[in-house]
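Here are a few short exercises to work through with the model open in your viewer. Try each one before reading on to its solution.

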Amino acid sequence: MSSPSKNLPGNGKEVTFLDQTLRPSQWEEYIGQDNVKENLKILLVAAKERGHQPEHILFYGPPGLGKTTLAHLIAHETRSQIKSTSGPAIEKVGDLASILTNLSPGDILFIDEIHRLNKTIEEVLYPAMESNVLDIIIGKGPSARTIQLELPIFTLIAATTRMSLLSSPLRSRFSGGVFRLEFYRDDEIKQIIKRSAKILDAMVTDDALKEIAKRSRRTPRTANFLLKRCRDFAQVHKKNLSAETVVDALTLLDIDELGLNVIDRKILGVIIDHFAGGPVGLKTIAASLSEDEGTIEEVNEPYLIQLGLLDRTSRGRMATNKAYRHLDKELPHDRQEKLL
């Protein structure tokens, strides 16, 4: 049975944030994304040997794959202070100016969800990235004047889940590289869960690790979430963290053997039951489920497409034969004829 961690909240010890506790703090602990890690190591070693600050870096990919973790690892590797913010938090030019002018030489500025920056703020960020200067306009009309402030040398590390929404001028200024993070393999997810279980002092069987891994949507954040919920289930019901316990816990969460949740199955069910398998438009699906279009498109569809359960065509979304089988639905006659 799982037991409380010695370094986690609730046992009289120093209180730490659980997600930060599970986050890798060294390169060796970061599992997966081998190509990205190798390129980053070369970039950082080369900059260190030349005595230069690392160039600006952009990470993109689906949420939960480790973009923020990589930013913190780079800061740890370069022994730099990291200041973190996000695109939505920077509402006006003064916010960005305050952040930039409070940086120290060699600091790393991490901006999450950078695609949500206001375009006016982007214009101010360009000279800061290229020339380490901040241009501020004081006043309005004929009396307006520009003041140029010198900024300390810093590295901007940005992350986005919507690369297409990033403007070309901003994207081109990441001279250190633009890196895409890929979904993880099941064996990599299993290693991540095993490490997290050790930190949580949770005794997990090998079969249980495999069961959690295959339902984790190939995403470390989801894997850690499922592990914590399974640990809670085992603790409350006074059970060991076996494969059977994991199945019971994830069944309670409505997560099936492929990692699909209720909304995933509803999306496929609506396409199959209401629209004869498709094609059907995204707006129609969203209206049928009373869900947000953006959530369906960004959160649910990528995984469904990756599993081969959904096709995104020019005419709309279509459920595949694999989706029919997974939901135990009978194939339409025209699809049965094609199979013959």
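**Warm-up: the fold as a whole**

Exercise 1. Work out how the contacts of this predicted model split by sequence separation.

Solution. Start by keeping just the contacts with a separation of 6 or more. Of those, 68% link residues 24 or more positions apart. Then lay the secondary structure over that: the chain has 15 helices and 9 strands. For scale, the C-alpha trace spans about 70 × 55 × 35 Å along its principal axes.

**Surface and charge**

Exercise 2. Describe the chain's burial, its accessible surface and the placement of its charges.

Solution. Burial comes first: of the 340 residues, 45% are buried. Next, the accessible surface adds up to about 18000 Å², and carbon and sulfur atoms own 50% of that. Last, the charges: there are 46 positive and 46 negative ones, and their mean positions sit 2 Å apart.

**Zooming in on one residue**

Exercise 3. Is threonine 68 buried or exposed, and which residues beyond its sequence neighbours does it contact?

Solution. Step one is to place the residue: threonine 68 belongs to helix α3, which covers residues 67-78. Step two is the accessibility check. The relative accessible area of threonine 68 is 19%, and the cut-off for buried is under 20%, so threonine 68 counts as buried. Step three is the contact list: skipping neighbours within four places in sequence, threonine 68 touches Arg23, Phe110 and Asp112. Finally, look at the annotation: an unreviewed UniProt entry lists Thr68 under "binding site".

Terms used:
Residues are numbered from 1 along each chain as its sequence is written. This is a predicted model: local features need pLDDT of at least 70, side-chain atom pairs count only at pLDDT 80 or more; totals for chains, interfaces and linings use all residues. Side-chain values use heavy atoms; hydrogens and water are left out. Helices (H or I, at least four residues) and strands (E, at least two) are DSSP runs, numbered from the N terminus. Buried means under 20% relative accessible area, exposed over 50%, partly exposed in between (1.4 Å probe, protein chains only). Contact means heavy atoms within 4.5 Å. Accessible areas come from the Shrake-Rupley method with a 1.4 Å probe; for residues, only the protein chains shown count as cover. Lys and Arg count as positive and Asp and Glu as negative; His and the chain ends are not counted. The place of a charge is taken as NZ of Lys, CZ of Arg, CG of Asp or CD of Glu. UniProt positions are given in the numbering used here, feature names are shortened, and annotations may be inferred rather than shown by experiment.
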